[in-house]
Amino acid sequence: MPGTKEIRAKIASVKSTQKITKAMQMVATSKMRRAQERMKLARPYARRMLEVIGHLTEANPDYRHPFLVTREAKAVGIIVISSDRGLAGALNANVFRETLKLIREWQGKGATVSLCLIGTKALNFFRRLSLPILANVTHLGDKPHVKDLIGTVKVMLDGYRNGELDRLLLVNAQFVNTMTQKPVAQQLLPIEALDTEGLQEHWDYIYEPDAAGILDGLLMRYIESQVYRAAVENVASEMAARMVAMKAASDNAGKLISELQLIYNKARQAAITKELSEIVGGAAAV
């Protein structure tokens, strides 16, 4: 059994760690509320953009944008969104597992896979694999901005436009509630038709001055909105996961402190008993 001095040192160390985890839990709780607000603001716009663009696939314009054309999938690009920091439970691991599943699935179909990585954890994980990384961006912070994502996403869009990519997918953590965050994969390009049941058989939007310019700008905004929505949703998921993980760490530290305190009391009692036995033995010898 270790001595009382060593046990006291362990208790002090665990208490210090517990203070850190409690502080991180409170910080994550505060940031999660603000991240949820940004996520709630981004979701309706992204959802409405998805509906409008989905309807465009059923329209009949004179100009057919490359993002609306379906090609045989010989090259696939995957945009992976992760956090910059750890201590968020299995959040990033689940996103990476979903990404690896997609990679194996498309490689099994004979397609080549290229990556676009957003977040330090994704870059550190996937750079060890023998897959081309076309673009990456890190350190977006707790408040990602669209302008920080445009350059990275544009690399993938240019690759699709030039025929270097035939599919573009997006993988991120979706915020369900405080206790649940699940990885989701979404196809960005080519754009799939959505909710066309109530549409007329022959119809189209009116484009001014021309369909090419309007569609190019609109589709770029659509992709940016989807990636931005995924980024802010990933931040909300990160803060929720970190809050839960730090609470669990604080609770485990409390249990460990209780166990160490019990061991300390037993060791102290044994030391006192030994000292009394030595005193009694010495007195009897006299």
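Okay, let's start with one residue pair: V76 sits opposite V113, and V113 belongs to β2. Keep in mind that this is a predicted model.

So what's around that pair? V76's neighbourhood is the pairing of β1, residues 75-81, with β2, residues 112-118. Those two strands run parallel, and seven bridges join them.

Zooming out, we have an open sheet of five strands, in the order β3-β2-β1-β4-β5, with mixed pairing. At the edges stand β3 (133-137) and β5, and each has a single partner strand, so one side of each has no neighbour in the sheet. From one strand to the next, the twist averages 20°.

Now the helices. α2, residues 91-108, lies across β1, β2, β4 and β5, and runs at about 150° to β4. Then there's α4, residues 146-161, which packs on the sheet and touches β1, β2, β3, β4 and β5. Its direction makes about 165° with that of β3.

On to the pockets, which I guess is what you came for. The largest pocket holds about 340 Å³ of space. Which elements give two or more residues to its lining? That would be α1 (4-56), β4 (167-177), β5 (180-189) and α5 (211-285). The largest share, five residues, comes from β5. There are 18 lining residues, and A46, L50, Q186, Q226 and R229 lie nearest the centre. By class, you get eight nonpolar, five polar and five charged.

The second largest pocket has about 200 Å³. Its lining has 16 residues, with S83, D84, L140, G141 and E238 nearest the centre. Here α5 gives the most, four residues, and the split is seven nonpolar, five polar and four charged.

Technical notes: Residues numbered from 1 in each chain as written. Predicted model: local features only at pLDDT ≥ 70, side-chain atom pairs only at ≥ 80, totals over all residues. Heavy atoms only, no water. 1 Å grid on protein atoms, 1.4 Å probe; cavity = no way out; pocket = protein on both sides within 12 Å on 5 of 7 lines; lining within 4 Å. Points joined across faces, edges and corners; volume = space filled by probe spheres on them. Nonpolar A, V, L, I, M, F, W, Y, C, P; charged D, E, K, R; others polar. Pairing = 2+ DSSP bridges. Axes fitted to C-alpha atoms, helices over the stretch in contact; angles between N-to-C directions. Contact = heavy atoms within 4.5 Å.
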